[in-house]
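Please look over the sequence and the structure shown here before reading on. The explanation is best followed with both in view.

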Amino acid sequence: FLTRRAGGDIGGRTDSLRPFTDQDYFDYVDGRPRMDGVRTFLASRSITVDDDTAASIADAKNDAFLAALARDGVTAYPGSVRYLHAAREAGLHIAVVTSSRNGEQVLEAAGLTQFVEQRVDGNTSVAERLAGKPAPDSYLRGAELMGVDPSAAAVFEDAVSGVAAGAAGDFGYV
């Protein structure tokens, strides 16, 4: 659990209060399953909470994300859309592997569902008990669903944990 002591300190903390930054997102949250991201970030601040509190934080983060998605939508990068068209026209097969439990909603909001033959997302990982990134399990499952050996597949990833997962899975290109 998380407690405040007299003077506003959070029990167990060893650092001064610092705001959550973009770098924190990239270092501790990006590409990880929701609960892993919460726990990794809190650990970076030497904060220990019980499972219910961690779940509440994760749920609040997701609620804020879904509200932003509904309010703002998603705009796919034009170059990425051109690449997906070119890949499909070249006969390449496309899977999406994401730790997000909102992968389907994001793809739909961005208008990219048409390109995706297989999707392994946070829901898949929970249902199939796949270890989260940086473990390679979700990428390996994607390769299996596509019917391809990992050495013959490419992983394009923007998160450090995802790059580590692709490398750990011995994919042909990461």
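The paragraphs below turn to confidence and then to two helices and the residues that follow them.

This is a predicted model, with a mean pLDDT of 88 for the protein and 91% of its residues at 70 or more. Over residues 1–10, however, the pLDDT is below 50, and this stretch has 15 contacts in the model beyond near neighbours in sequence.

Helix α3, which runs over residues 51–72 and has 22 residues, reaches 31 Å from its first C-alpha to its last, close to the 32 Å expected at 1.5 Å a residue. At the start of α3, the backbone nitrogen of D52 has a side-chain oxygen of D50 within 3.2 Å. After α3 comes G73, whose phi is positive, near 70°.

Which residues of α3 are buried? They are A54, A58, N62 and L69, and because they cover an arc of only 65° around the axis, they lie on the same side of α3. The buried residues of α3 pack against α2 (34–44) and α5 (103–110), whereas the face of α3 turned away from its buried side carries the exposed residues D52, D63, A70 and R71. D52 thus appears both in the contact at the start of α3 and among the exposed residues of that face.

Helix α4, made up of 12 residues (78–89), reaches 17 Å from its first C-alpha to its last, which is close to the 16 Å expected at 1.5 Å a residue. The glycine that follows α4 is G91, and its phi is positive, near 85°.

Note on methods
Residues numbered from 1 in each chain as written. Predicted model: local features only at pLDDT ≥ 70, side-chain atom pairs only at ≥ 80, totals over all residues. Heavy atoms only, no water. Helix = DSSP H or I, 4+ residues; strand = E, 2+ residues; numbered from the N terminus. Expected span 1.5 Å × (residues − 1). Buried < 20%, exposed > 50% of the residue type's maximum accessible area, 1.4 Å probe, protein only. Arc of directions from axis to C-beta. Contact = heavy atoms within 4.5 Å. Polar contact = N/O pair within 3.5 Å; in protein donor to acceptor, adjacent residues only side chain to side chain. pLDDT = per-residue confidence, 0-100.
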